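Work through the exercises below with the sequence and the structure side by side. Try each task before you read the solution that follows it.

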Amino acid sequence: MSADAARIDRSRAAKPNGWWGMAVFVATEATLFGTLVGTYFYLEFTNPQWPPPGIPDPKVLAPLLLTAALVATSVPVQVAYSAARRDRVRLAQLALVVALVVQAVYLALQLHLFLDDLDTFSPNASAYASIYFTLVGAHHFHVVVGMLLEAWLVVRLVTGLTRYRLVGLQATAFYWHFVNVLAVVVLLTQISPAL
Amino acid sequence: MRRLGNLELLQWYGLLGAAIVWAAQLVLAYGLTVARCGEGGNFGLSLDTWQVVLMVVAATLALLAEAAAVTVFLETRSLEHDDPPPAGRRHFFATGAIVGNVLFLMIILLTGIGIVVQSPVCGQS
Amino acid sequence: MAVDVLTPGAEQRIERLHRVWRPRPGVLGWLTTVDHKRIGLLYFFTTLAFFGAGGIEALLMRTQLAGPDLNVVGPETYDQLMTMHGVTMIFFFIIPMTTGAFGNYLVPLMIGARDMAFPRLNALSYWIFLGSGIFIYVGLFMHRAPNCGWFCYTPLNRRAFDPGPNVDFYALGLIFNSIASTATALNFIVTIFKLRAPGMSLNRMPLFIFAMLAVSLSLIFALPSLTADLVYLELQRKGGFHFFDVAHGGDAFLWQHLFWLFGHPEVYIIVLPAFGIATSIIPTFSKRRMIAFPLVALAELLVAFIGFGVWAHHMFATGLPTITLVAFAAASMMVVIPSTIQVFAWTFTVVLGRPEFRAPLLFIGGFIVFFVLGGLSGIMFAAIPFDQATTDTYFVVAHFHFIIFGAAVFPILGGMYYWFPKVTGRLYHERAAQISFWLTFFGTALTFFPMHIVGLLGMTRRVYTYKPHLGWDAYNLSETIGSFILAAGLLLIFANLVWSRFRGAPSGPDPFRGGTLEWATSSPPPEYNFAVIPKVTSPYPNWDPADREDDARRLQAGTLVLEEGHETPAVTVRDGYLDEVLRMPAESPWPVVVGLGVALIFTMLLLSHFVLASVAAGLTLFALAGWHLQEPELE
């Protein structure tokens with residue numbers, strides 16, 4: 001069964017439906033984030049001071065390092081798909097677990113920073129804080145969703161590879177590459193006042 | 001074979017090039033006006049210079065897209081729009097793209113000229 | 001494909017297809033269906049019900065406005081009626097009718113496929129759509145319906161000025177609804193790209209498919225803007241965030257920009273499927289192919305794309321700097337041109353064909369008249385000074401009703417007659433249909449034409465009453481009379497379709513000699529749509545007799561009959577070469593369960609029970625897991 005799934009994947013000329021579905025979903029989410037980023041800069045251009053008085057400039061180093069770590073997980077996620085394509089199911093699961101561990105540490109540290117920021121400046125006090133927490137929070141939410149997708153695949157792969165699960169893996173890898181590009185965009189937006 | 005590969009790329013640039021370039025010009029032109037006229041200060045912009053540069057770059061790329069579409073059309077002019085792919089498909093897209101690119105070019109020029117002739121810069125109508 | 005005599009081999013194959021695709025019986029069958037035709041029918045009847053609700057809201061408003069200083073309904077009720085009329089007609093009638101009903105039923109048939117790319121997602125779209133409609137109408141029954149206008153501007157939408165749950169019903173209800181539309185759009189895009197019959201390259205797709213592709217791409221790129229706006233609104237109302245209030249660094253224009261970034265593509269979303277219906281009816285009843293086919297196809301996509309760059313023409317009177325508005329004025333003038341190309345192509349196709357003016361073509365004729373007039377008033381708004389003089393008057397109301405009713409609803413009505421035989425296997429009553437057209441046409445004209453005049457005479461929109469002796473009374477009375485005539489016309493259409501469903505003459509597979517593939521199978525189609533996947537070499541496959549004969553031969557030979565399971569072929573995207581055979585899911589309970597979960601989430605959010613909303617989200621995740629445990633190839 002696993003070998004069949006891998007063989008069908010290699011013999012396809014076009015991308016599978018699940019990949020296309022994820023591509024369209026990525027398009028809509030990218031547009032959503034485009035709107036959030038656009039809102040950030042729109043509010044910046046219509047405010048005399050940004051951040052407003054009383055709010056410190058955003059931290060740069062910690063978010064930068066964390067984002068680098070997250071972006072690096074595109075490698076194990078892609079490895080997971082490539083391995084599964086060649087019917088190396090255990091290697092695929094291992095790669096997913098590696099990605100999950102790094103992403104979990106990333107998320108825990110980012111949440112710590114997030115809560116720390118909330119203590120310093122509240123969205124109830126300014127538009128800056130409102131868009132800041134909405135944008136950054138939305139991205140963290142997308143990371144959580146991505147981790148759930150990976151966890152689900154790790155579990156499903158225990159009983160072997162099917163066409164369905166292989167396409168799921170391909171779509172999840174695509175999702176993660178998108179989330180990682182988004183991470184860079186959100187990071188640059190979030191730290192832009194300090195640049 | 002190499003020539004066929006080029007024809008495919010020309011078809012896609014001819015179809016999508018002007019559209020994407022106009023979209024970029026719109027977002028940037030609009031963004032520049034918000035930056036210039038917003039409370040956030042005018043960022044030391046010479047708005048007109050930027051708008052002209054934007055318009056010229058966009059118009060040039062749109063004209064190149066039109067050239068690409070016309071090239072593909074001429075290469076496939078003996079075909080019908082529903083002839084077998086890939087050649088028939090390229091002819092089909094090139095036909096529509098020729099008309100579309102003219103539209104985009106006109107919007108690009110009207111936008112740039114319209115912004116530059118407005119005076120005072122941030123005045124309301 | 002007309003197969004008169006089947007070999008035993010072919011009969012066996014068809015028998016196997018019947019067995020594999022036979023639906024589960026009864027109500028359970030409908031609750032768990034993933035068949036695009038059944039889902040299309042569910043959408044059809046549900047959207048008709050919302051059309052009725054929106055229509056009653058309109059008639060109540062028109063009755064209140066029949067004369068000056070009337071007191072049929074008070075201002076608070078009028079505000080709710082006005083808002084609900086707009087929200088209902090746009091989000092719960094037109095879009096789900098054109099995409100969910102017409103699109104779902106016809107797209108797989110027209111491309112020669114057996115279902116949509118994601119059948120279970122399709123079912124989920126319907127349940128979410130239904131849930132969101134019920135969600136908002138609960139507000140109406142509580143007399144707490146959205147009351148801020150369908151565009152719900154800030155600062156009116158803030159808790160300080162609209163403290164009740166009305167605006168929360170609006171914001172959460174529309175986010176809820178947008179999940180359905182996004183899923184439907186995603187499904188159409190992947191289906192159109194991957195599930196076409198082999199041979200149907202991109203240049204051989206029917207024009208209706210181009211229209212559905214344009215609509216779907218628009219929905220994908222437009223909805224996020226509205227979603228963000230509504231999320232900001234709820235964060236502001238329930239979380240005390242600051243996006244739109246100037247005092248804390250927000251911006252009131254932000255609401256409008258994001259709303260219209262969605263709102264303008266939305267109006268093309270409304271009208272593009274109507275173009276698709278028109279471009280299906282015209283060739284059939286003109287007995288010739290559409291003139292300038294590639295231009296018409298690309299015009300659909302051009303209108304959708306350029307429509308993303310005109311949004312601030314809804315804000316010409318807000319005091320924005322002129323340099324900001326100029327780009328939008330330019331694009332607003334140019335966006336007319338692709339539509340004009342289409343109008344010329346449609347008209348010349350009829351004129352150069354041998355037209356048969358049966359009811360569907362009559363409705364398209366009415367559509368062209370209203371579309372041209374509505375388009376002319378529309379382009380007048382592209383001129384900033386004219387727009388500033390007429391904004392917020394009834395002139396605007398006239399324009400968009402000519403377009404929405406005249407240019408979007410007329411093709412829907414024509415399309416209902418046109419495809420009625422395909423769906424039911426019976427013919428509608430032609431004479432009654434023609435009368436229903438004239439009644440509806442006259443009613444529409446009488447209702448909406450005087451609005452141009454009374455708008456230019458200064459009558460503002462969104463008012464629940466007006467003073468006498470302003471010169472407006474006669475026009476308003478005419479409009480009200482017109483609206484009841486229009487309602488009568490619509491009732492006649494409805495009565496005709498109901499009567500014909502039970503007493504109409506049998507239609508056969510192809511009563512009008514249509515050119516697209518839905519006419520190449522029986523009426524109604526079998527569950528598996530086509531016994532053999534059709535061979536395609538043009539955008540009018542049913543007008544290619546050689547290919548249809550080839551189908552019959554391939555059925556005998558068993559080529560691309562695909563009767564082993566729920567199977568349909570997938571092709572390469574650009575050129576339609578056969579790529580693989582897909583296994584599709586059979587009925588599934590998970591879409592309706594996930595739909596319930598999502599409804600629970602939104603209800604808890606409305607009530608500000610955020611912990612319970614999270615619990616509901618967790619339950620929904622479990623349901624999604626159940627869904628993905630069901631893998632079609634393992635069934």
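**Exercise 1. Find how strands S1 and S2 of chain C pair, and describe the hairpin that they form.**

Step 1. Strand S1 of chain C covers residues 567-571 and strand S2 of chain C covers residues 578-583, and the two pair in the antiparallel sense over five bridges. Helices (H or I, at least four residues) and strands (E, at least two) are DSSP runs, numbered from the N terminus, and two strands pair if DSSP finds at least two bridges between them.

Step 2. At one place in this pairing, C:Val571 stands opposite C:Leu578 of S2(C). The hairpin has six residues between the strands, and C:Gly576 takes a positive phi near 65°.

Before going on, note that this is a predicted model, in which local features need pLDDT of at least 70 and side-chain atom pairs count only at pLDDT 80 or more, while totals for chains, interfaces and linings use all residues. Residues are numbered from 1 along each chain as its sequence is written, and chains are lettered from A and ligands numbered from 1 in the order in which they are written.

**Exercise 2. Describe the make-up of chain A and say where its confidence is lowest and highest.**

Step 1. Chain A has seven helices and zero strands, and its C-alpha trace spans about 60 × 30 × 25 Å along the principal axes.

Step 2. The mean pLDDT of chain A (pLDDT being the predictor's confidence in each residue, from 0 to 100) is 96, and 99% of its residues reach 70 or more. Within chain A, confidence is lowest in helix H1 (residues 2-11), at a mean of 84, and highest in H6(A), at 98.

**Exercise 3. Describe how helices H6 and H7 of chain A pack.**

Step 1. Two packed helices are described by the angle between their axes and the distance between the axes. Here the axes of H6(A) (residues 127-156) and H7(A) (residues 163-191) are 10 Å apart, at an angle of about 160°; axes are lines fitted to C-alpha atoms, for helices over the stretch in contact, and angles run from 0 to 180 degrees between N-to-C directions.

Step 2. Angles under 35 degrees count as roughly parallel, over 145 as roughly antiparallel, 65 to 115 as roughly perpendicular and the rest as oblique. H6(A) and H7(A) are therefore roughly antiparallel to each other.

Step 3. The contact includes A:Tyr132 and A:Leu135 of H6(A), and A:Leu169 and A:Trp176 of H7(A), where two residues are in contact if their C-beta atoms, placed from the backbone, lie within 7 Å. By class, this contact of H6(A) with H7(A) has 13 nonpolar, seven polar and three charged residues. Ala, Val, Leu, Ile, Met, Phe, Trp, Tyr, Cys and Pro count as nonpolar, Asp, Glu, Lys and Arg as charged, and the others, Gly among them, as polar.

**Exercise 4. Which elements of chain A and of chain B touch chain C?**

Step 1. On one side, 33 residues of chain A are in contact with 35 residues of chain C. Helix H2 (17-45), H6 and H7 of chain A each give two or more residues to this side, and H2(A) gives the most, with 14 residues.

Step 2. In the other interface, 32 residues of chain B are in contact with 30 residues of chain C. Helix H1 (2-37) and helix H3 (87-117) of chain B each supply at least two residues, and H3(B) gives the most, with 14 residues.

Step 3. The axes of H3(B) and helix H9 (residues 293-306) of chain C come within 9 Å and cross at roughly 50°, which makes H3(B) oblique to H9(C). Among the residues in this contact are B:Phe92 and B:Leu103 of H3(B) and C:Pro294 and C:Leu302 of H9(C).

**Exercise 5. Locate the cis peptide bonds that lead to A:Pro51 and C:Pro155.**

Step 1. The bond from A:Trp50 to A:Pro51 is cis, with omega near -5°, and A:Pro51 lies in the loop between H2 and helix H3 (61-72) of chain A.

Step 2. C:Thr154 and C:Pro155 are also joined by a cis peptide bond, with omega about 0°, and C:Pro155 lies in the loop between helix H5 (119-141) and helix H6 (166-194) of chain C.
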